[in-house]
Amino acid sequence: MKKNTLAAHNIKMLFWLTILQSTSFIAPVLTLFYYARDMTGAQILLMPVFWSLSLLLGEVPAGVYADRFNAKISFMTGTFIRIVGVSILLFANEPWLFYLSAILSGLSVAFFSGSDQALIYDSLKESGEEDRMDKAIGKIQSGTFIATFFAVVTGAILARDLRDEQFILLIVLGLVLIVASIFFILRLRVPQNQQEVAVDGSLATVLEGIKVIRQAPQLLFMVLNATLVFTSGVVAFELFDQPFLNGAGLPVEYIGLMYGAGAVLGFFSSHTIGWLTQRISRISLLFMTGLLAASSLLLAGLFGNILILALTVFLALKFVSAVRVPIYSQLSNDLIPSHVRATTISLLSIIDGVLDLIVFGTLTFFAVGGISSIYIVCAGIALLGTLLPIRKVKETMVVSSSEVSLEHK
């Protein structure tokens, strides 16, 4: 990747922004925190449902907001909403307060979703490096693993007694870093093509985004494939990975170390995206990692009480998460024009949100069977997503009334 370019600068800022906003000290004991506040397994499963519903409703307005203004303003808005959402956890002792926190968290993500990818891809286009989107995403994503490694070890130690004042300390530490991230948001630079785009209106932007999706139906297959595997193999798995590991015989104080090991694996996996895609096609990597997710979840459901197997499954799914996200970002952004990139990604995220609701709504029916039942169902969902066909689109098409030509790679 070229140095001293707009892309290099923005990637660096987003890297540090990601580290600060992803450092969750309470992450290694989050599920245990919910249990300590008298949340049940079914209520915990409803958390991502409310999160997804909020994201679903906020995606398009937030995407239009980003296209009409710019990514910096969108990021600032999302950050302030997130601060409020996390602050609620300090005194939440009823399910509805946890749900409100999840709703605000989902809404805050909507102001980053699409805007971050649009900022990165359009920054890369200015230096003719848009084919390196997956490498850029991998580098930025690696910041989350650095944050995780630092936070989970520290968080597990600070909350080793699972006392309420320890949980509060972890939440406050996370809030301090979220506030600090504003510094890096202010230092972001908006790409020239985003500055020059004149949007006629919110409705026109949404209609243009819908047109892009209609002319590139492979985008739908990509989001279905990516969402089903990610939701079941990463989000749903992580909701119960703490009691899963503990139930397999791993002491609570070592859960943080496993999170740290997963973070190290994720960091190196993210940084080797370029090496992997040079040797294996991106589509093949999506298929292989999808199968790995499905088989790992099945083993977790059937033999999760075996410690060495539980640890292997945990690390395998961390690898899947690290590899699939950058590749999906590259393939999908290659099909989306700059002037409605944030809106189009937000429209695709609506599909993602609907699928999240369906998946977690389905999983609540199996919660009575325990973690093993949930993971077995997740394995089937991940396999379904993996088998959805994705192919390269090579033709060139016109995707907007302004005659924007888009090369499909």
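## Charges across the protein

Let's start with charge: the protein carries 26 positive and 26 negative charges, and the mean positions of these two groups lie 8 Å apart. Keep in mind as you look around that this is a predicted model.

## Overall shape and fold

What is the protein built from? You will find 19 helices and 2 strands in it. Its C-alpha trace spans about 60 × 40 × 40 Å along the principal axes. The radius of gyration is 20 Å, which agrees with the value near 22 Å expected for a compact globule of 409 residues.

Contacts tell you how the chain folds back on itself. Of those between residues at least 6 apart in sequence, 84% join residues at least 24 apart.

## Inside and outside

How much of the protein is buried? Buried residues account for 56% of the 409. On the outside, about 16700 Å² is exposed, and 67% of that area comes from carbon and sulfur atoms.

## A look at Thr 386

Now zoom in on one residue. Thr 386 sits in helix H19, which covers residues 371-387. Is Thr 386 buried or exposed? Its relative accessible area is 3%, so Thr 386 counts as buried, the cut-off being under 20%.

The side chain of Thr 386 has two backbone oxygens to look for. The one of Ala 382 is reached at 2.8 Å, while the one of Gly 290 lies 3.3 Å from a polar atom of the Thr 386 side chain. Leaving aside residues up to four places away in sequence, Thr 386 touches Asn 225, Val 229, Phe 287, Gly 290 and Leu 291.

Note on methods: Residues are numbered from 1 along each chain as its sequence is written. This is a predicted model: local features need pLDDT of at least 70, side-chain atom pairs count only at pLDDT 80 or more; totals for chains, interfaces and linings use all residues. Side-chain values use heavy atoms; hydrogens and water are left out. Helices (H or I, at least four residues) and strands (E, at least two) are DSSP runs, numbered from the N terminus. The radius of gyration is taken over C-alpha atoms; the globule rule is 2.2 Å times the number of residues to the power 0.38. Buried means under 20% relative accessible area, exposed over 50%, partly exposed in between (1.4 Å probe, protein chains only). Contact means heavy atoms within 4.5 Å. Accessible areas come from the Shrake-Rupley method with a 1.4 Å probe; for residues, only the protein chains shown count as cover. Lys and Arg count as positive and Asp and Glu as negative; His and the chain ends are not counted. The place of a charge is taken as NZ of Lys, CZ of Arg, CG of Asp or CD of Glu. A polar contact is a pair of N or O atoms within 3.5 Å; within protein, one must be able to donate a hydrogen and the other to accept it, and residues adjacent in sequence count only if both atoms are side-chain atoms.
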